[in-house]
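This report describes one protein chain and its ligand, going from a helix to the sheet, the ligand shell and two loop residues.

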Amino acid sequence: ETRMPRPDQTRVMVVANQKGGVGKTTTTVNLAASLALHGNRVLVVDLDPQGNASTALGIDHHADVPSIYDVLVDQRKLSDVVQPVRDVEGLFCAPATIDLAGAEIELVSLVARESRLDRAIKAYEQPLDYILIDCPPSLGLLTVNALVAGAEVLIPIQCEYYALEGLGQLLRNVELVRGHLNPKLHVSTILLTMYDGRTRLASQVADEVRSHFGQEVLRTSIPRSVRISEAPSYGQTVLTYDPGSSGALSYMEAAREIALRGIGVHYDDSRAHTVG
Ligand code: ADP
Ligand code: MG
């Protein structure tokens, strides 16, 4: 096993898809934990008022906890709200509380409403290798804040009927933000989630996604796994909940692939299919 390369600059990845239930949160927390276990310093920004990423990382996010809401609306420093994740060295989380549900409306009347997260991230003093932003299932101002703050968009796609439905709208928003607010922004990564290799549907969807996107699609896909869905109720990622499971191995492999792509190293396909 070669040591994982660390990026020479912080990679800010926006995990987005306005469809709910496609694996955004699951991918954010498990990839983040995998990258941290590979030796990186990683921050998860929970931008969904549901706070599922915070829950899955075992982070306290009851109403009084300083949160990403305070950063976006009251311009509190990001370092005031970041908490370390228990059990995973190098992994941190800026939690979301239920307050964030109101931010979508409150932001409308504030100055620099689209770039508040970007400013907060740029002012963050701690060195980081990756920032992963978990978006809500909508294309409102919270998601726009993420798209302005990031350079890379990571789109999880569930291997189900209508997998590509609605993606046009997300891609148009990425173009709009790229054109007006953030020229660095691009879709760098597509990850197939909840892949069930036994069904013809899953392989058909995978083929369709690969022919539509090509290079951006990771060779590694994430299998449907009960261990992955159980882990959040223990406040854990699957990487600590069941490190030997197919779900854990596939997220570790996806993280490796993302790291190698980041430094332009060709990924050896043969491993992608041995996990899961
Ligand atoms: P989103 O954030 O896009 O709404 P989630 O990550 O919350 O989606 O996933 C939706 C549901 O699917 C959750 O209950 C989650 O536990 C489950 N899930 C996600 N990925 C997998 C997987 N690979 N195998 C099994 N269940 C999964
Ligand atoms: Mg979610």
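Is helix α7 (residues 141-149) mostly covered or mostly exposed? In this predicted model, α7 is mostly covered, with eight of its nine residues buried. The buried residues are L142, T143, V144, N145, A146, L147, V148 and A149. Elements that cover them include the strands β1 and β5. Among the covering helices are α3 (68-74), α5 (100-106), α6 (116-122) and α8 (167-180).

**The sheet**

Two of the strands just named, β1 and β5, belong to an open sheet of seven strands. The strand order is β3-β4-β2-β5-β1-β6-β7, and the pairing is mixed. The edges are held by β3 (83-84) and β7 (186-193); each has a single partner strand, so one side of each lacks a neighbour in the sheet. Helix α1 packs on this sheet and touches β1, β2, β4, β5, β6 and β7. The direction of α1 makes about 165° with that of β5.

Strands of a sheet pair through backbone hydrogen bonds, in either the parallel or the antiparallel sense. The table lists four of the pairings in this sheet, each with one pair of residues that stand opposite each other.

| Strand pair | Sense | Bridges | Example of opposite residues |
|---|---|---|---|
| β1 (11-15) and β5 (130-134) | parallel | five | V15 and D134 |
| β1 and β6 (152-158) | parallel | three | V15 and L154 |
| β2 (42-46) and β4 (91-94) | parallel | four | V42 and L91 |
| β2 and β5 | parallel | five | V42 and Y130 |

V15 of β1 therefore has a partner on either hand, since D134 is its bridge partner in β5 and L154 stands opposite V15 in β6. V42 of β2 likewise faces L91 in β4 and has Y130 as its bridge partner in β5. Next along β2, L43 has F92 of β4 as its bridge partner.

**Burial of β1 and β2**

How many of the five residues of β1 are buried? Five of the five are, so β1 is largely enclosed by the rest of the structure. In a regular strand the side chains alternate between the two faces of the sheet. Both faces of β1 are covered, with R11, M13 and V15 buried on one side and V12 and V14 buried on the other.

Strand β2 gives a similar count: five of its five residues are buried, so β2 too is largely enclosed by the rest of the structure. From β2, V42, V44 and D46 point one way, while L43 and V45 point the other way, and all are buried. The charged residues R11 in β1 and D46 in β2 are thus among the buried ones.

**The annotated domain**

The UniProt annotation "domain: AAA", from an unreviewed entry, covers residues 11-186. Over residues 11-186 the chain is 38% helix and 16% strand. The C-alpha atoms at the two ends of this stretch are 12 Å apart.

**The shell around ligand 1**

Which residues come nearest to ligand 1? Of the 17 residues around the ligand, these are K24, T25, T26, I228 and S229. Two helices, α1 (24-37) and α10 (226-230), each supply at least two residues of the shell. The most comes from α1, which gives three residues. By character, the shell divides into five nonpolar, ten polar and two charged residues. Helix α1 thus contributes to the ligand shell and also packs on the sheet.

**Two residues with positive phi**

Most residues other than glycine have a negative phi. Y162 has a phi near 60°, a positive value in a residue other than glycine. The place of Y162 is in the loop between β6 and α8. Is Y162 buried or exposed? Y162 counts as exposed, because it has 9 C-beta neighbours inside 10 Å, and the cut-off for an exposed residue is 12 or fewer.

M194 also has a positive phi, near 50°. M194 lies in the loop between β7 and α9 (200-213). With 21 other C-beta atoms within 10 Å, M194 is buried, as burial requires 20 or more. The two loop residues therefore fall into opposite classes, Y162 being exposed and M194 buried.

Methods
Residues are numbered from 1 along each chain as its sequence is written. Chains are lettered from A and ligands numbered from 1 in the order in which they are written. This is a predicted model: local features need pLDDT of at least 70, side-chain atom pairs count only at pLDDT 80 or more; totals for chains, interfaces and linings use all residues. A residue is near a molecule or strand if its C-beta atom, placed from the backbone, lies within 6 Å of it. Two strands pair if DSSP finds at least two bridges between them. UniProt positions are given in the numbering used here, feature names are shortened, and annotations may be inferred rather than shown by experiment. Two residues are in contact if their C-beta atoms, placed from the backbone, lie within 7 Å. Axes are lines fitted to C-alpha atoms, for helices over the stretch in contact, and angles run from 0 to 180 degrees between N-to-C directions.
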